[in-house]
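Visitor: Please take me slowly through a single part of this model, and then show me how that part sits among its surroundings. I would rather have one connected account than a list.

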Amino acid sequence: MYQLAHFSDPHLGPLPKPKAYQLFSKRIFGYLNWTRNRARTFSDIYLNALLADMATQSPDHIALTGDLVNIALPEEIKAAGVWLRGIAVPEDLSVVPGNHDAYVPGILKQAKAAWCPFMLGDGANGQPQFPFVRKRGPLALICCSSSNATLPFMATGTFSDVQMQKTSNLLRDTKEYCRVVLIHHPPFPGATPYYKRLIGAQRFREMIAENGADLVLHGHTHLHSEENIAGPNGPVPVIGVPSASNGPGHKKPAGCYNMFSIAEDANGWSIDWSQRGVLDAAGSIGPIGAEKRL
């Protein structure tokens, strides 16, 4: 039984004090949102409690589906790289970026450089190139990027035709594995408001319908979600997760992570899904709902 843990959207805090010139951009709106709202709901108390609990589950691999930072200040990017190394070695932790990791033009390149070892496919070197694949035990983790800089008040992502073609090749080349696709923005219809949507979601769904996959994991919405999209041999589960830093008692659900137990059986791959999350303001962690077979 192979154990895969999944969490997302840690939005690491506290936010460094930005220099005035750094706010002459979309960052000013994110900074105001942080100081007025997110600083009150996000806390490393809950994030650290989740990660400590995750470690007790001894996952074989960890998937992180983006939004490590808030307004992508260079200091945030650097600190997130140090933080990643405190969770696991790069071989055991796969990271795809979110829209906040590409908050302003040019910053995603810095994030890729700082987080490079966690964003490299098997046998790759140099700067991360999306999509890429990491084969771990029975899994083929196919890592996509929907991240791009956007205008103020927009949080869209993009899944381009070029990325679709490359991802399709990876899916075809890994059919003997349990194929798990990682992407930040959810690809199912009606997943988000228009200004937060995945541009190219239909393209993504057509790719899965043609080539198949066994599981799609995403973040972005800060919600528990379980959906399905069509695959060539039946529905493919698409699973989201709340922000790992969110505290209880707010508009969005408290922090949580997913655990998937994966094994091969006579019918292909069996995937058992459970969730563990923040239960109270003290940061106690426990099961959320019942375990389910996908």
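Guide: Helices and strands are taken here as DSSP runs, of at least four residues (H or I) for a helix and at least two (E) for a strand, and they are numbered from the N terminus. What you see is a predicted model, and by that assignment the protein has six helices and 15 strands. Its radius of gyration is 18 Å, close to the 19 Å that the globule rule gives for 294 residues, so the protein is as compact as a globular protein of that length. The C-alpha trace spans about 60 × 40 × 35 Å along the principal axes, and 56% of the 294 residues count as buried.

The part I would choose is strand β13, which covers residues 268–278. Eight of the 11 residues of β13 are buried, and the strand is accordingly described as mostly covered. On one side of the account stands β12, residues 256–265, which runs antiparallel to β13 and is joined to it by 10 bridges. Within that pairing, Ile262 has Ile271 of β13 as its bridge partner, and the two strands make a hairpin in which two residues lie between them.

β13 also pairs with β14, residues 285–287, again in the antiparallel sense, this time over three bridges. Here Arg276 is found opposite Pro287 of β14. These two strands likewise form a hairpin, with six residues between them, and in that turn Gly283 has a positive phi of about 90 degrees. A further antiparallel partner is β15, residues 292–293, which meets β13 over two bridges, with Lys292 of β15 as the bridge partner of Trp273.

β13 also takes part in a pocket. The second largest pocket has a volume of about 530 Å³, and both β13 and β11 (234–240) supply at least two residues each to its lining. That lining has 22 residues, and those nearest the centre of the pocket are Ala213, Asp214, Asn233, Pro235 and Trp269; by class, the lining divides into nine nonpolar, eight polar and five charged residues. For reference, the largest pocket holds about 740 Å³ of space. Its lining has 28 residues, with Asn33, Arg38, His100, Tyr195 and Lys196 nearest the centre, and by class it has nine nonpolar, 13 polar and six charged residues.

To set β13 in context, consider strand β7, residues 178–182, where five of the five residues are buried, so that β7 is largely enclosed by the rest of the structure. Cys178, Val180 and Leu182 point one way from β7, while Arg179 and Val181 point the other way, and all of them are buried. The neighbours of β7 run parallel to it: β5, residues 139–143, is joined to it by five bridges, with Ile142 partnered by Val181, and β9, residues 215–217, is joined to it by three bridges, with Val180 partnered by Leu215.

A buried tryptophan shows the packing around a helix. Trp83 lies in helix α3, residues 74–87, and counts as buried at 16% relative accessibility. Beyond its neighbours within four places in sequence, Trp83 contacts Phe7, Pro10, Leu12, Leu47, Leu51, Leu64 and Leu68. Over the protein, 67% of the contacts with a separation of 6 or more are between residues 24 or more positions apart.

Some backbone details in the loops also deserve a look. Most residues other than glycine have a negative phi, and most peptide bonds are trans. Asp9, in the loop between β1 and α1, nevertheless has a positive phi near 50 degrees, and Asp9 is buried with a relative accessible area of 0%. His222, in the loop between β9 and β10 (225–231), has a positive phi of about 60 degrees and is buried at 8% relative accessibility. As for peptide bonds, the one joining Gly13 and Pro14 is cis, with omega about -5 degrees, and Pro14 belongs to the loop between β1 (2–7) and α1 (27–41). The bond from Phe130 to Pro131 is cis too, with omega near 0 degrees, and Pro131 is placed in the loop between α4 (107–114) and β4 (132–136).

Technical notes:
Residues are numbered from 1 along each chain as its sequence is written. This is a predicted model: local features need pLDDT of at least 70, side-chain atom pairs count only at pLDDT 80 or more; totals for chains, interfaces and linings use all residues. Side-chain values use heavy atoms; hydrogens and water are left out. On a 1 Å grid over the protein atoms alone, a cavity is a set of points where a 1.4 Å probe fits but cannot get out, and a pocket is an open set with protein on both sides within 12 Å along at least five of seven lines; lining residues have an atom within 4 Å of a point. Grid points are joined across faces, edges and corners, and a volume is the space filled by probe spheres set on the points. Ala, Val, Leu, Ile, Met, Phe, Trp, Tyr, Cys and Pro count as nonpolar, Asp, Glu, Lys and Arg as charged, and the others, Gly among them, as polar. Buried means under 20% relative accessible area, exposed over 50%, partly exposed in between (1.4 Å probe, protein chains only). Two strands pair if DSSP finds at least two bridges between them. The radius of gyration is taken over C-alpha atoms; the globule rule is 2.2 Å times the number of residues to the power 0.38. Contact means heavy atoms within 4.5 Å.
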